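Got your viewer open and a selection box ready? Let's walk through this one stop at a time.

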Amino acid sequence: MRMMSGAAMVVEALKEVGVSHVFGYPGGAVLDIYDALFAQDDVKHILVRHEQGAAHMADGYARATGRTGTVLVTSGPGATNTLTGIATAYMDSVPMVVLSGQVPSMHIGEDAFQETDMVGCSRPIVKHSFLVKKTTDIPMAIAKAYYIANTGRPGPVVVDLPKDLVNVQDKHPYVFPDDVTMRSYNPTVKGHSKQITKAVACMLSAKRPVIYVGGGAIIAEADGLVTQLAEKLNAPVTCTLMGLGAFSGVHEQFVGMLGMHGLLEANKSMHNADCIVALGARFDDRVTNNVDKFCPHADIIHVDIDPASISKILKAHIPVVGSVDVVCKQFLDRMEDVDTEAQKEKLKDWWAQINEWRARKCLDYKQGAEVIKPQRVIEAVYKHTKGDAYISSDVGQHQMFAALYYPFAKPRRWINSGGLGTMGFGLPAAMGVQFAFPDACSVVITGDGSIQMNIQELSTCLQYNLPIKVISLNNRALGMVRQWQDMNYKGRHSCSYMDSMPDFVKLAEAYGHIGIQVDKLDQLDEAMERCFAEKNRLVFMDILVDQNEHVYPMQIKYGAMDDIRLSKTERT
Amino acid sequence: MRRIISVLMENAPGSLSRIAGVFSQRGYNVDSLCVAPTSDDSLSRLTIITQADDKVTEQITKQVNKLIDVLRVAELSEAPHVERELMLIKVATRTEIARAEVNRNVDIFRARILDVTAQHYTIEITGTSDKLSAFAHVMGHCADITESARTGVCSLSRGDRALRP
Ligand SMILES: Cc1ncc(C[n+]2csc(CCOP(=O)(O)OP(=O)(O)O)c2C)c(N)n1
Ligand SMILES: [Mg+2]
């Protein structure tokens with residue numbers, strides 16, 4: 001039996017579960033763990049500039065790879081600084097483990113220096129948490145944390161480590177568990193066969209089916225099976241903001257993103273469908289619009305690994321608890337003798353109708369001669385990355401433009417905070433992606449508001465030579481807020497204008513990077529060319545775009561899926 | 001509608017606060033909560049009384065079941081079950097007549113006098129929540145209630161239905 005300190009156990013256990021990167025920031029309660037990290041090279045530690053950044057980096061890393069992201073922070077402020085990042089991961093079901101230092105056990109509850117009840121603070125935003133009580137429990141707590149984080153419906157797990165348990169002097173026997181199964185935790189992955197039978201019958205009898213794909217399909221790595229299912233049925237497919245890439249954005253059966261800023265054809269298809277096959281999607285309020293008017297003709301088949309997601313918002317006619325990949329396979333096994341040609345014949349009228357909606361070309365916009373339209377910037381990014389980049393995004397209009405104008409052909413390429421909508425997520429997330437894939441093109445689409453929420457991480461980018469491409473759609477405004485004020489508050493722009501913007505080019509340069517400003521349409525292509533040609537440097541593109549542009553289509557509040565504003569003057 | 005939700009969970013630190021969190025965070029109300037280890041002391045059994053319609057009850061059971069420490073959840077009120085609650089009630093009596101009246105009602109309700117001092121009786125009573133409330137009401141008429149404590153409802157299904165690990 002190996003004897004080692006609690007700090008060494010932490011590092012040893014991280015190696016055992018296969019952690020490649022730890023995103024963190026030191027402080028009193030974790031100095032022993034940092035000392036143990038210093039003594040080895042297997043687990044690479046990334047020193048961030050703010051703990052929120054560490055959490056988003058671990059998150060971006062996890063979304064791009066499917067592997068659990070790891071965060072290490074000190075007690076008190078270090079731990080509380082991660083909370084927004086934890087909540088972001090929780091809302092989007094991202095596997096993450098946060099190791100937080102804690103004051104020594106004997107001082108817990110005394111309001112000791114840098115003491116916060118991290119387990120308590122994080123309780124509503126974690127999948128589970130551990131407050132470790134004995135040094136010899138460390139390996140088991142870490143093993144379970146990683147197991148819980150990345151099985152079933154994934155999510156963040158906090159492991160709180162009191163300082164006395166990890167001190168480098170006291171040695172204890174180290175035993176890493178062979179088995180971490182828990183009697184109280186057994187996620188269901190396989191769909192109930194009766195439900196599968198019902199669902200298949202429903203899909204095959206449908207005349208106007210729609211497959212509605214959410215982030216669960218990406219988490220389950222079910223993109224291939226979803227595509228097979230869609231092709232077998234010849235059904236139209238729509239993806240949620242979280243599901244983009246689970247079904248190729250350039251596939252002819254793709255009708256676009258649905259929901260608040262969804263495409264006309266996607267929302268129309270949903271509203272008129274007679275059978276909706278929800279795969280790893282959760283009928284979020286940003287999708288359904290008014291639930292009382294939601295898809296009045298449809299039978300809903302709802303596949304989700306989390307039983308609590310099913311019938312939470314809308315009653316599912318055919319609930320199927322299981323993992324999207326396994327359940328799709330079960331569907332396909334029952335469809336072996338389905339004739340796709342016959343399906344095509346059956347759905348001919350449905351497709352004719354859908355193509356009529358498509359012909360409205362709801363994404364068209366008017367690009368003038370000089371002022372750059374934000375949509376145009378996204379199209380340029382698509383062109384210059386050949387559609388093959390990892391696109392991380394912040395939150396606001398730019399996020400919606402990115403989601404609508406950059407078709408994602410593969411899963412895990414679109415990294416955004418869909419559930420919590422966290423401004424400041426984009427840059428650190430793109431960094432997590434770049435750490436996971438050093439040779440890939442990692443782009444962040446951001447806004448002048450969002451980028452300033454974690455801009456300090458530009459310093460981390462220099463330290464680790466991350467050649468990220470920051471594409472900032474600078475509209476000198478909190479554009480999304482402004483859009484709502486235009487639409488619902490008679491254009492009263494209360495506090496949505498940003499006075500005294502920094503000089504982003506100089507700022508980028510001060511951090512040791514390249515900054516480029518573009519304010520005219522005719523400079524855009526050349527600047528993009530320059531930006532993406534810089535393979536080894538971070539480039540910050542400050543692109544001045546039309547301040548008055550709104551994101552369309554947009555669903556009309558309290559309406560049905562297909563009550564949509566198509567421009568400032570047109571609606572359905 | 002009144003619901004009895006029974007939960008079998010790991011007897012581990014923090015489990016109870018997680019359950020309480022599900023209720024407070026989602027705005028579900030708790031009329032009573034009764035919790036103690038089972039005959040297997042690695043497990044705790046909780047009984048929660050709540051008011052909820054079918055949809056909310058389904059969500060409560062699913063959200064509680066989702067907690068990592070929880071092994072089983074059942075809504076006992078949807079099938080035949082037995083339920084009991086215990087109350088300790090301390091009353092002050094000043095006159096012989098009042099004392100006689102208290103004693104008479106203790107007999108009628110099949111309660112039990114646990115402790116007597118110069119001025120006070122402490123009475124134990126077990127039964128359904130309604131019976132306990134009725135008893136407290138009667139006591140209020142024949143004596144001054146000094147204080148009382150109730151355990152909250154504890155319940156099991158009838159027959160071979162059971163929450164097993
Ligand atoms: C942390 C945080 N605070 C506030 C908001 C509310 N909010 C949503 S979008 C937005 C404006 C974002 O501005 P910017 O990053 O410039 O993007 P734009 O909409 O202009 O493209 C705000 C304030 C949020 N989502 N996150
Ligand atoms: Mg802006």
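How many helices and how many strands are there in chain B? Before you count, keep in mind that this is a predicted model. Now select chain B and colour by secondary structure: you should find four helices and nine strands. Trace chain B from the N terminus and the elements come in the order β-α-β-β-α-β-β-α-β-β-α-β-β. For a sense of scale, the C-alpha trace of chain B spans about 55 × 35 × 30 Å along its principal axes.

**Stop 1: where chain B meets chain A**

Next, select the residues of chain B that touch chain A. On the chain B side there are 19 residues, in contact with 20 residues of chain A. Together the two chains bury about 1600 Å², and carbon and sulfur atoms account for 45% of that area.

Turn on polar contacts across the boundary. Nine residue pairs are in polar contact between chain B and chain A, counting pairs with both residues at pLDDT 80 or more. Which elements of chain B give two or more residues to this side? Highlight helix H1 (15-26), helix H2 (54-66) and strand E4 (70-75) of chain B, and you have them. H2(B) brings the largest share, with six residues. Colour that side of chain B by class and you get eight charged, six polar and five nonpolar residues.

With charges in mind, look for salt bridges: three of them run between chain B and chain A. One to zoom in on joins Lys315(A) to Glu58(B), where the closest N and O atoms are 3.8 Å apart. Side chains of opposite charge can pair when their charged atoms come close.

**Stop 2: ligand 1**

Now centre on ligand 1 and show what surrounds it. The shell has 17 residues, and the closest are Gln397(A), Gly421(A), Gly449(A), Ser450(A) and Gly479(A). By class, the shell is made up of nine polar, seven nonpolar and one charged residues.

Which helices of chain A each supply at least two residues of this shell? Select helix H17 (397-405) and helix H20 (479-488) of chain A. H20(A) gives the largest share, three residues.

Keep the backbone visible here, and try three distances:

- From an oxygen atom of ligand 1 to a backbone N or O atom of Gly449(A): 2.8 Å.
- From an oxygen atom of ligand 1 to a backbone N or O atom of Met480(A): 2.9 Å.
- From a nitrogen atom of ligand 1 to a polar backbone atom of Met423(A): 3.4 Å.

As for coverage, ligand 1 on its own has 590 Å² of accessible area, and the protein covers 75% of it.

**Stop 3: a long-range pair in chain A**

Over all chains, the structure holds 35 salt bridges. For one of them, pick Glu549(A) and Lys373(A), whose side chains meet with an N to O distance of 2.6 Å. This pair links distant parts of the chain, with the two residues 176 residues apart. Glu549(A) sits in the loop between E20 and E21 of chain A, while Lys373(A) is in the loop between helix H15 (348-358) and helix H16 (374-384).

**Stop 4: two backbone oddities**

Most residues other than glycine have a negative phi, and most peptide bonds are trans. Here are two places to check against that.

Select Pro553(A), in the loop between strand E20 (539-544) and strand E21 (554-555) of chain A. The peptide bond leading to Pro553(A) from Tyr552(A) is cis, with omega near 0°.

Then jump to Phe283(A), in the loop between strand E12 (275-279) and helix H12 (285-288) of chain A. Phe283(A) is not a glycine, yet its phi is positive, near 50°.

Notes. Residues numbered from 1 in each chain as written. Chains lettered and ligands numbered in written order. Predicted model: local features only at pLDDT ≥ 70, side-chain atom pairs only at ≥ 80, totals over all residues. Heavy atoms only, no water. Contact = heavy atoms within 4.5 Å. Buried area = accessible area lost by both parts, 1.4 Å probe. Salt bridge = Lys/Arg side-chain N within 4 Å of Asp/Glu carboxyl O. Polar contact = N/O pair within 3.5 Å; in protein donor to acceptor, adjacent residues only side chain to side chain. Nonpolar A, V, L, I, M, F, W, Y, C, P; charged D, E, K, R; others polar. Near = heavy atom within 4 Å. Areas by Shrake-Rupley, 256 points an atom, 1.4 Å probe, with all protein chains shown as cover.
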